[in-house]
Structure formats: C-alpha cells, structure tokens
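Got the picture open? Let's walk through how its parts touch one another.

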Amino acid sequence: MKAAQSGAPLAAALETFGAWFLAILWILPLAYALWAAIHPSAYSARFVLDAPLTLDNFARAWTAAPFARYFLNTFLLVTMILGAQLVLCTLAAYAFARFTFAGREIAFLLVLLQLMIMPDVLIVENYQSMSALGLVDTIPAIGLPYMASAFGIFLLRQTFKTVPRELDEAARVEGAGPLQVLLKVYVPLAKPIYIAYGLVSVSYHWNNFLWPLIITNSVNTRPLTVGLQIFASSDQGIDWSVITAATLMTSAPLLIAFLLFQRQFVQSFMRAGIR
Amino acid sequence: MRCLKSRWLAPIVGAVAMVLASSAMAKDVELSFYYPVAVGGPITKIIDGYAAEFEKENPGITIKAIYAGTYQDTLVKALTAFKSGEPPDIAVLLSTDMFTLIDEGAITSIDGLLKTNADKAWLKSFYPAFMANSRTSGKTWGVPFQRSTVVMFWNKAAFKAAGLNPDQAPDTWDALVADGQKLTKRDAAGNVSQWAVEIPSTGFPYWLFQGLTTANGVQLMNQAGTETYFDKPAVVQALQFWVDLSRKDKIQPPGTIEWGTTPKDFFEGKTAIMWTSTGNLTNVKKNAPFPFGVAMLPAHQGRGSPTGGGNFYLFKKMTPEQRAAALKFVKWMTTPERAADWGIQTGYIAVRPDAWETPAMKQYVAGFPAAAVARDQLKYAVAELSTHDNQRVTKALNDGIQAALSGTKTPEQAMKDAQQEANRILRPYR
Amino acid sequence: MSPARLRTHLHGWLLLLPAAVLLAAFTYYPAIATVLDSFFSTPRGARPSIFVGLDNYQAMVQDPIFWRALDNNILYSMSTIPLTIALALLMAVWVNGKIAGRPFLRMAFFTPTVLPMIAVANIWVFFYVPGYGLVDQVLGLFGLPAHNWLGNEHTALACLIVVAVWKDAGFFMIFYLAALQQIPPQLREAAALEGAGRWYFFRRVTFPLLMPTTLFVLINAVINSFRLVDHIIVMTRGGPDNATALLLFYIYQVGFKFWDTAYAATLTVVLLALLAMLALGQFLFLDRRIHYQ
C-alpha cells in the first residue's frame with residue numbers, strides 16, 4: 001500500500017473514487033427504501049428535498065397482513081434451524097475431524113455433494129415427502145431440509161482439525177468422554193466459526209423465500225418473506241411506499257443487528273479463516 | 001403430525017358427532033373459509049368483521065375465516081388441503097380456477113343445494129356476465145363475490161393540454177389512435193416524455209388482450225373449456241392492433257409493459273391513458289394528482305371486456321348441516337347491502353344489480369360517478385379466458401402475446417404457435 | 001479389530017447419524033426419487049400415475065421453453081459467477097487496505113446480503129421502470145432516452161444479472177477479506193523491498209494465496225446462480241416470452257402452477273445432472289490445491 005500511495009497518488013485517488021462509487025451504487029436500494037418509506041407515495045419517484053415526511057406507510061404495511069405473526073414465525077423458524085444446525089453439524093464435523101471410521105471418506109464426499117445439490121432445487125420431491133409425512137404447512141417442514149447443512153459440517157470440520165491433538169488428549173487423560181471433550185475443548189475454540197456461521201444461517205433463512213412459499217399456506221406458518229409477497233402480487237400494482245416500508249420493517253432486526261455488530265461480525269469471519 | 005393425528009381421529013370424531021347430533025339437534029356448525037387478498041387496504045379486517053357479524057346473526061354457526069395469501073397461494077392451499085382429506089368448506093378463488101377445481105373433483109355444484117324458490121331467485125340475481133365464468137356444462141359451480149373488469153382510466157389534464165376534450169375519452173380504436181397521436185409528447189431528439197396509452201402486458205396479458213379481442217367480436221375459448229381460438233384472424237387482428245400501438249402508431253411504449261408499474265406510470269404522467277382493473281379504482285382515486293376519468297374500453301366491431309376476480313366455491317366434503325350453513329353464509333355475503341358495502345370498501349364491482357339500488361351505493365356513485373362505469377360495461381362483458389389445465393393454456397397465450405409485443409414473432413406466427421400449444425395441452429380433455 | 005478401535009468406529013458413526021438421517025431424507029432420497037418420478041406420469045384427479053418410460057424426456061426435448069430456460073441459465077451463470085467473484089475480490093482488496101471511509105464501504109458492500117431478495121427485487125423494479133425509474137432518471141441527466149429495461153427481451157436478463165451480482169458480491173467479499181487478513185504482511189514488505197509493483201504482487205502472490213477461497217466462493221456462486229430465483233418471481237415472472245426464465249423458475253412454474261409434478265421432476269433431473277457435473281469437475285480438476293484431510 002505504501003508503495004502504491006507514494007508511487008502513484010493519482011491512482012490511489014482514482015481507486016478511492018472507484019470504491020466510493022461502487023459503495024454508493026451498492027447502498028442505493030437501501031437508501032431508496034428509506035426515502036420511499038418515509039415520504040408519501042407521490043414522492044416515491046420524485047426526489048425533492050422539501051417532500052413531507054410521514055410514518056403512514058409503515059402503518060399501512062403493518063395492517064396489510066398479519067406481520068406480527070409472521071415475525072413470530074420467522075423467529076421460530078430461524079431459531080429452530082440454527083439450533084438444529086449447530087448440534088447436528090458439530091457432531092458430524094467432530095466425527096469427520098477426529099474419528100477414524102469405516103466409510104469416512106465416502107461419507108464426507110457425500111456430505112460435500114450437498115453443497116452442490118442443495119434442498120432448494122429439490123422442491124418438487126421434498127414437497128411430496130412433507131405431504132406424505134403430514135408436515136405440509138408446518139414450521140418444521142420449512143426447516144427440516146436445511147438442518148443437516150453441508151456448509152456447516154465442512155466449516156466446523158476444518159476448524160476442529162486445527163485444534164491441537166494435545167488439548168484433546170489432555171482432556172481425555174482427565175477422564176473426559178468424547179462428548180465432554182467436544183464440549184470442553186472443541187466447541188469453545190470454534191466460537192468465531194459458530195458466530196460467523198450463525199449469522200450466515202440466520203440471514204439466509206430469514207430471507208429464504210421459494211421453499212417457504214411452496215410449503216406454507218397459512219398465516220400461522222408463513223414467514224415474513226412469504227408475507228411480503230402480498231405487496232408484489234396485487235391487482236393494484238406496486239406501491240413502493242408501502243413495499244419499502246414493509247421491507248425495512250421486516251429486515252430491520254437483521255439490519256440493526258448487523259449495523260451494531262458490524263465489527264464483530266466481520267472479525268469473527270476473519271478469525272473463522274475460511275480456507 | 002397434526003394432519004396424521006386428525007386423519008386417525010376423524011372417523012372416531014365423526015361417529016361421535018353423529019351420535020351427538022342425533023341426540024341434540026342444535027349442534028354448532030363450524031365452517032372454514034379460505035380467502036385471498038389481491039387489493040390494497042385492510043381486507044382481512046373487513047372479512048373478519050363480516051364473519052363476526054354473520055356469527056352474531058346466526059348463532060350456532062362459526063366461521064373460521066383464514067387469510068390464505070394471494071389467489072395462487074389460496075388455490076394451492078385449498079387443493080393440498082383437499083388432497084390430504086381436509087378441504088376447506090368455503091373458499092374464494094379465481095373464477096378461472098373453475099375447471100381446475102372440477103377436474104380435481106374438489107367442489108360441489110351450487111344448483112343441487114338450492115331448495116326453495118327464494119334460493120333459486122338468489123342465484124339469478126347476479127349480473128349474467130359474472131355467471132359466465134361460474135357455469136359450465138349446465139351447472140353452476142361458483143358464486144360471484146370479488147369481481148372486476150378491465151376499464152380505461154384517462155388523465156383529464158393531459159387531454160386538455162393536448163387540446164382534446166378532457167371529458168371525452170376515445171370511444172373507438174380509431175379514436176384511440178387519433179387522440180393518441182396528440183397525447184404522445186416527443187422532444188426534438190424523439191425522446192418521449194408522455195405516452196398516450198399503456199396496456200399492460202406482464203402478469204396476465206391474456207386478460208387485457210381479451211379487452212381487444214372481445215371488441216373485435218371474437219371469443220378466445222368455448223364454454224366447455226376444451227377449445228381455444230387463438231389463431232382466428234380476428235384474434236390476430238386484435239394483436240396486430242396492440243402491437244401497432246407501439247410499432248406503427250408509436251403511441252405506446254415499446255416492449256412489454258409491466259402490470260405493477262402501470263398505475264404509477266399514470267400518476268407520474270408517463271402515460272395519459274391506462275387500461276387496468278377496476279380493482280384499481282380506489283387506488284387511483286387516492287393517488288392521482290390530477291382529475292381523471294374512467295371509461296369503458298374503446299369499441300371496434302363492438303364493445304367488450306372480460307370479467308375477472310374471484311368466486312365463492314363450496315367444497316365437497318361437508319355434512320348436510322355444514323352445506324346448509326355454508327350456503328347461508330354465501331347468501332349472506334352476497335346480499336345487496338353486503339355486495340354494495342364490499343364494492344365501496346374495496347373497489348370491486350358490486351355483483352348484483354340491486355346492490356346498486358341500495359342507499360349506500362347510490363350515495364357513493366353520486367359522489368364518484370366513475371364507479372358506475374364498470375357496472376355499465378358489464379352489458380358487454382365476456383368470461384375471462386378459462387380452460388382445462390388453465391395455467392398452461394394461459395401461459396401459451398401470454399408467451400405469444402409477449403413475443404409479438406417485443407417483436408420476436410409476428411402476431412400471426414405468435415398466435416399460430418400459441419394455438420398449437422393449446423391444442424396439444426387440451427387434447428386429453430376433448 | 002480391537003475393542004478400542006471398534007469403539008471409535010461406532011462413535012464416529014453415532015456422531016454422524018443425526019445429520020446423515022436428515023441428509024438422506026431430504027437430499028439423497030429426493031434426488032433419487034426425482035429420477036424415478038421422471039419415468040412416471042403425473043397423477044390427476046381419478047387418473048393414477050403410470051410408468052411412461054422416456055415420454056417426459058421426449059416432451060422435454062421438444063419443449064422450447066425448457067431449451068430457452070437452459071440457455072438463459074447458462075448465460076446467467078456464466079455472467080453472474082465471474083462478475084460476482086471479480087467484484088467481491090476487488091471490494092475485499094479495497095476494504096482490506098487503508099482506504100478512506102473503510103467502515104462505510106464495508107457496510108455498503110455487505111448490506112445487500114441481509115436484505116431479503118423478494119423485497120429488494122421490488123425496489124429494483126423501480127430502478128428499471130422506463131422513464132421515471134432511477135436508472136432512466138440518471139441517464140436522463142445525460143440526455144439519454146428512456147428505456148424499457150425489463151420489458152425488452154434483450155435487456156431483461158442482463159437486468160436480473162445485475163441484481164444477482166449486487167446481492168452476492170458483498171457476501172463473498174467477506175470470505176476474501178478474511179483470507180486477505182491472513183496473508184502475512186512481511187510478504188508484502190519483502191516484495192516491496194525487491195521493488196515489485198502492486199499489481200505484480202497481487203498477481204504473483206496474493207491471488208495464488210487466495211486460490212482456496214476463490215474455489216470456495218466459486219462453488220457458492222455456481223450454486224446461487226442455479227438456486228436463487230426470487231427476483232424472477234417478482235420482477236419478470238420469466239417474461240417477456242420466457243426471456244428471463246431460469247431452470248429453477250421453470251421447475252417451480254411447472255411443479256406448483258401447472259401441478260405437473262412428473263414433468264417438474266424431469267426438469268429437476270437436468271438441473272441435478274448439471275450440478276453433479278459441476279461438482280465432479282470441481283472435485284476432479286479444480287480441487288487439487290485443497291486437500292480435505
């Protein structure tokens with residue numbers, strides 16, 4: 001960096017400009033959402049500084065569908081998925097990282113296969129399975145296909161492999177069984193990975209749409225994203241004021257959490273050191 | 001889990017219920033009622049309010065009103081529930097879903113339920129145009145509820161600015177083109193700042209297309225839902241007219257026009273005329289920053305527009321008591337007063353002539369005469385395109401329309417292909 | 001086998017079991033069932049499903065929409081994948097350096113990841129509206145004419161590609177950023193002493209060191225290019241005339257709008273075959289640098 005800065009100040013300036021330009025492009029949809037949500041519809045395509053402010057759009061969005069219930073559903077959904085993922089992936093990753101067992105290599109390849117053949121493309125068959133299990137239109141049905149996550153298993157396995165064997169053995173000498181070793185040695189050391197993975201998982205499932213759209217069909221199970229669809233498929237066309245208000249409302253928890261914990265978030269990713 | 005359990009329990013509960021019913025006749029009846037939301041506003045509140053009012057007037061009947069999402073969601077939910085053995089009792093679904101529901105064996109015809117002369121008179125009280133999509137092979141399967149049609153909105157200020165009579169919308173295709181030349185505003189470089197007309201062509205282009213084909217005196221399908229007539233010369237002609245609006249006359253934006261943005265285009269003055277659903281009436285009234293008018297679609301060989309929107313359907317698996325209660329509810333929801341109230345609150349067309357004679361509706365129309373245009377157009381309205389395997393046939397036509405509008409196929413070729421595809425799909429039903 | 005070793009085997013499998021059951025039930029079983037179902041007809045009303053051999057495949061080969069969706073998807077993947085990766089890398093390099101306003105840049109690049117596609121797609125619809133949409137408003141400042149971005153067969157897919165790149169680049173940036181942080185600064189200092197330029201250093205040192213991350217990101221980018229169709233449902237519904245139909249969108253349409261599950265399964269087989277081929281290619285050819293040991 002030093003070399004670049006001293007060597008070519010113009011290039012550096014140009015680069016800064018480029019970076020800012022791209023960043024502004026990238027933030028534009030959010031900026032627009034803010035603009036449209038707090039102004040009357042008449043100003044949703046007209047950017048004048050003296051446009052009156054209003055919170056009416058949020059009120060209209062809130063009454064257009066039972067969003068309180070959708071929030072609850074989404075919350076239950078992401079909690080359930082994340083909880084199951086953490087447990088299942090930890091166990092499986094531990095097995096792959098520290099146990100030699102027959103068929104391990106094949107099993108690991110099969111798990112990696114799920115990285116490519118993910119549940120999202122198997123909607124037709126999974127729908128039939130859920131309907132055979134009598135689970136259509138339940139929150140577990142939204143979550144089940146995602147609970148054993150190849151991504152999570154892979155990430156945790158890589159991390160567990162970096163844990164020094166000596167720590168493991170020391171714990172065993174003290175008489176800890178395999179599960180106690182896992183809980184006392186491996187899990188604490190993988191904390192950054194858990195945070196990074198947890199955030200990715202939560203934001204993925206908070207925003208997931210197609211599968212929940214297919215598998216749910218009532219207010220009691222539908223997550224926020226599916227609820228948002230009501231604004232996109234109306235006879236009256238798109239009302240950006242309401243839809244941006246709804247967007248902000250529904251992604252507010254994630255957005256705020258991200259803004260508040262931005263540093264920690266990025267750092268935990270860095271510490272996670274995905275390679 | 002819940003489903004499995006109730007599947008086991010159902011026969012037992014049923015048996016117990018029958019014993020109980022025979023001992024105590026005044027048993028409570030519960031009806032599940034699925035409905036979609038397709039227009040803005042607090043629809044769920046209005047429906048819940050109706051249900052509560054009905055329950056109050058009819059002790060012993062409980063209505064479980066379930067908001068099921070969009071029309072598409074509601075159909076999916078109703079059909080899956082039906083396949084798993086627990087269908088809803090009543091559902092509001094698109095009138096065009098009729099064949100799908102019949103093919104699945106999910107719904108019961110209404111005629112069989114009508115016992116008294118008053119009941120029969122009730123079924124005759126709706127606008128015939130709405131019944132066109134509710135009947136096939138001599139039976140009635142749906143009861144009109146939230147129905148709409150295509151109308152034309154025009155910007156009076158833009159008409160005035162273009163030197164046209166602001167109170168006279170173009171009444172014929174020729175007048176539309178002639179007025180359109182004046183309404184289209186171009187700068188020196190040829191960039192258009194205001195188009196004359198937008199006929200949306202995404203989402204359900206076939207529906208707006210019917211506004212053209214009907215005016216050109218041609219039907220798109222037979223009433224049995226087994227034949228389509230996409231490649232008839234009059235249909236091709238109608239499509240040619242639509243394409244020409246953009247390509248030859250240059251008074252409509254080129255390419256396909258997004259349904260969802262058309263109202264905003266109108267409010268923003270990007271188009272002086274738009275074709276859209278009457279479901280937009282309340283929306284336009286609230287948001288148009290200029291005086292506007294609502295007119296019937298322009299005529300060519302004749303007038304015409306398709307109807308649209310949703311009907312009540314009654315599902316098969318009901319006890320006689322439930323069936324009677326369901327009919328009672330549907331009748332209650334479509335009384336002149338309710339139909340008027342529903343129309344005023346949502347912008348849908350009140351489904352029966354006598355609803356327009358109620359004091360509330362009279363007062364509404366007096367203050368907002370545009371609301372009556374859609375009603376007056378019903379005289380010329382035809383059934384919305386609906387066949388067996390409806391979604392697929394419709395898609396064939398939609399693709400053809402879009403191909404012609406975006407210029408990849410000639411209207412003739414596009415309609416020939418669409419008809420061929422429709423023939424292939426419909427062959428098993430003939 | 002000694003009891004201790006047997007116990008390790010057993011423990012290994014027991015630990016794996018819960019995940020394995022779910023993977024089997026919701027990934028392997030449906031994948032296999034998809035292939036089987038593609039040889040049967042769709043049950044309708046009173047007509048049960050019957051074995052039809054290759055009929056569904058024959059119908060697929062003759063289905064112009066399938067070919068269109070396949071073409072579109074290949075074009076879409078071939079554009080989104082390199083664009084997303086290149087931008088992600090560029091963003092990461094910027095945000096990793098001492099650029100002015102780094103926290104803002106980082107936030108700006110990353111926010112698309114936390115916004116639901118289904119909602120932001122509507123905002124993008126606004127950007128693309130002819131005339132008063134943001135893109136046209138900006139272009140209008142330079143005197144350029146309005147353009148019907150989403151309503152034109154030639155631009156609609158490109159518009160969706162932009163949205164997809166926008167959505168994913170910031171997410172992948174984080175992975176690159178993490179990897180960049182782990183390159184020892186001494187390397188750079190040494191290179192600077194030897195007079196190596198920045199670009200040379202990047203090409204010869206940084207980029208090769210980032211290779212494992214690039215592969216990881218590549219897999220994810222490939223997957224997303226076949227997996228994410230939310231924006232299509234909102235923005236174009238596959239139109240105009242199927243110009244923006246992608247495979248998964250078409251599968252959704254056939255399976256859940258036409259209720260033709262057998263044909264949807266047949267289409268899914270193609271998608272699975274594509275993904276399996278890509279996975280195989282990844283394992284066999286690209287993966288030599290990473291050893292999952």
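Before we look at who touches whom, let's settle the word "contact": two residues are in contact if their C-beta atoms, placed from the backbone, lie within 7 Å. Keep in mind, too, that this is a predicted model.

Start with the two chains. With that meaning of contact, chain B puts 31 residues into the meeting with chain A, and chain A puts in 20 residues. Now stay on chain B's side of it. Five elements of chain B each supply at least two residues there: the helices α1 (2-23), α3 (71-83), α11 (262-267) and α12 (281-287), along with the strand β2 (61-67). Which of them gives the largest share? That's α3(B), with four residues. As for the kinds of residue on the side of chain B that touches chain A, you'll find 14 nonpolar, 13 polar and four charged.

Next, zoom in on chain A by itself. The domain assignment splits chain A into domain 1, covering 2-59, and domain 2, covering 66-272. Their C-alpha centres sit 31 Å apart, and the contact between them takes nine residues from domain 1 of chain A and nine residues from domain 2 of chain A.

So what does domain 1 of chain A bring to the side that touches domain 2 of chain A? Helices α2 (9-37) and α3 (56-64) of chain A each supply at least two residues, and α2(A) gives the largest share, four residues. Sort the residues on this side of domain 1 of chain A by class and you get six nonpolar, three polar and no charged.

Conventions:
Residues numbered from 1 in each chain as written. Chains lettered and ligands numbered in written order. Predicted model: local features only at pLDDT ≥ 70, side-chain atom pairs only at ≥ 80, totals over all residues. Domains from an automatic or database assignment. Nonpolar A, V, L, I, M, F, W, Y, C, P; charged D, E, K, R; others polar.
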